Amino acid sequence: MGTLLKCYKPLFSIRFSSFPNSLRTLQLRTHPFNNLKRRNLIRRCFSSLNPPQPLINGKTFDQRDGNANPSPELWLHNTMSKKKEVFKPKVEGKVGMYVCGVTAYDLSHIGHARVYVTFDVLYRYLKHLGYEVCYVRNFTDVDDKIIARANELGEDPISLSKRYCDEFNQDMVHLHCLPPSVEPRVSDHMPQIIDMIKQIVYNGYAYKVEGDVFFLVEKFPDYGQLSGRKLEDNRAGERVAVDSRKRNPADFALWKSAKEGEPFWESPWGPGRPGWHIECSAMSAAYLGHSFDMHGGGMDLVFPHHENEIAQSCAACKHSNVSYWIHNGFVTVDSEKMSKSLGNFFTIRQVLDVYHPLALRLFLIGTHYRSPINYSDVLLESASERIFYIYQTLHDSENFLSQHDTGLQESIPPETLNVITKFHNDFLASMSDDLHTPVVLAALSDPLKTINDLLHTRKGKKQKMRIESVAALEKIIRNVLNVLGLMPSSYSKALQQLREMALKRAKLTEDQILEKIEERTEARKNKDYEKSDAIRKDLAVVGIALMDSPDGTSWRPAIPLPLQEQQQQVAATQKTA
């Protein structure tokens, strides 16, 4: 038994080697193109990454302008220390990141979307900075909620969970979330989970009662270090299961004995299944080791899930350590957390039925990740309008450059270079300051305005090296959108999709809008300005804005007029408060 004292090692050989009696080969569940041999899994976790793309004309700012700042240090808010800290990886140039995934028993909601968009932005930015990242995000496919739902539907729990895992992955593709390096599932890791529980029992931190195994909280003096809760605060019934067999009401289940009609696995304590918390300790140790860089999830996981993870991981191996605990804020509805248990949630699918996925992503990163964000139509409409403006500007740039794609010079005017340099530095400074995405989105305004001035104003059209300026501006904006996960496969396709979504929300067809435009044009010819204004206003009410130009009248999606007025009222109230 003395050999059980060994700690886990990262699972970069496929075989799980933490304890001597773990001799079975680990089964991986990954994306189809990740079902690779051992050497490819290692390459997938820590592979050589391309350096950040040159920002303009094939050169970096360091090559072009000595005044540009180098990449600043990355600061992240650590829930453990309750403050921002400089990020220093355990292994130079490499990052191990574990993010708690969904319990797959239903379609995922906007609160889930916020978690995984947040950590996708972090993943992308770490890669942009040149780190090699092993990103592990699990699926919980064995759980009380899954079993209850499966019983309701008369379905096998594992099959039901697999179906919702697949649905979740579709949602992530729509939201432009990159696939993690590995996506382990609980049902594939029972040997590893059982071995970790055995180690915890052997070390004296757990006890068996009638086939169940409970963690002995009083044995772990640092319990509460992450959440700041005291042991006496953990009263039974308040996120702590009531069970008179426990030595302390705060003790939590590592293993649950089998009940009739439930899936089970054989163990030293009898047939059963794992408790909720142990799975992430076992799977993070399997792929990243007991000591790794980042562990993340929603703020609701701080207690009890992550608090319990720390306790059981340290009980299994005294060298267990996570450098940075990172948590995102809630999505709220009328100031209450959005959750399935409260029944006040909107699924990702429901929102994507009427809003473009990248409008939803922009909405989610438009608030700092640690702050709560209130779900509202006005904010989603605002995000839709903003993303349309961004893509329209870049689409206009693309069309312009396609007509002038030869003979570009190596330099650009100082005024344009100043705009680009400032935007580049603002991007790095804001992202390195705890992922301050709202500041980056606001900083987009200047380069976008500069492009529009160059393309559409009389003064801009006369500027020297106009083509080079537009090309350089479009490129840096595109690179930043890539890091934010907002870059579409095609500007024109995204614009068309945004228009279609706007028509759906307005309950109109494009033909109906074109008829209204013709009717309004005729009214203006007849100097019937009252009718002309009424048509414009009627369309504005449902979120369709008309734009007059020498070439005629066109339309674009906009925030519906009643919501604009609501925005103005809120702003006025806040100003006088």
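Start by selecting Asp511, which sits in helix 18; helices here are DSSP runs of H or I with at least four residues, strands are E runs of at least two, and both are numbered from the N terminus. Asp511 is exposed, with a relative accessible area of 54%. On this scale, exposed means over 50%, buried means under 20%, and partly exposed lies in between, using a 1.4 Å probe and protein chains only.

A word on what is on your screen: this is a predicted model, in which local features need pLDDT of at least 70 and side-chain atom pairs count only at pLDDT 80 or more, while totals for chains, interfaces and linings use all residues. Residues are numbered from 1 along each chain as its sequence is written, and side-chain values use heavy atoms, with hydrogens and water left out.

Now add Glu500, Glu510, Glu515 and Glu518 to your selection: together with Asp511 they form a negative surface patch. Such a patch takes residues with over 30% relative accessible area and no salt bridge, joining like charges within 9 Å. Asp and Glu count as negative, and the place of a charge is CG of Asp or CD of Glu. Helix 18 gives the largest share of this patch, 4 residues.

Stay with helix 18 (residues 510-525) and pick Arg524, whose partner Asp548 is in strand 14 (residues 544-549), 24 residues apart. The two form a salt bridge, with the closest N and O atoms 3.3 Å apart; the term means a side-chain nitrogen of Lys or Arg within 4 Å of a carboxyl oxygen of Asp or Glu. Asp548 is partly exposed at 34% relative accessibility, and Arg524 is partly exposed with a relative accessible area of 34%.

Next, select Arg349 and Glu167, a salt bridge with its closest N and O atoms 2.6 Å apart. Arg349 belongs to helix 9 (residues 348-352) and Glu167 to helix 5 (residues 157-174), so this pair ties together parts 182 residues apart in sequence. Arg349 is partly exposed at 26%, and Glu167 is partly exposed at 23%.

Which residue forms a salt bridge with Lys256? Select Asp144, and you will find the closest N and O atoms 3.0 Å apart. This pair links distant parts of the chain, from strand 7 (residues 252-257) with Lys256 to helix 4 (residues 144-153) with Asp144, 112 residues apart. Lys256 is partly exposed at 21%, and Asp144 is partly exposed at 38%.

For the last stop, add Glu262 and Arg273: salt bridges that share partners join them with Asp144 and Lys256 into one network. Across the whole structure, a search finds 27 salt bridges.

Note on methods:
Patches are made of residues with over 30% relative accessible area and no salt bridge: like charges are joined within 9 Å, nonpolar side chains (Val, Leu, Ile, Met, Phe, Trp, Tyr) within 5 Å. Accessible areas come from the Shrake-Rupley method with a 1.4 Å probe; for residues, only the protein chains shown count as cover.
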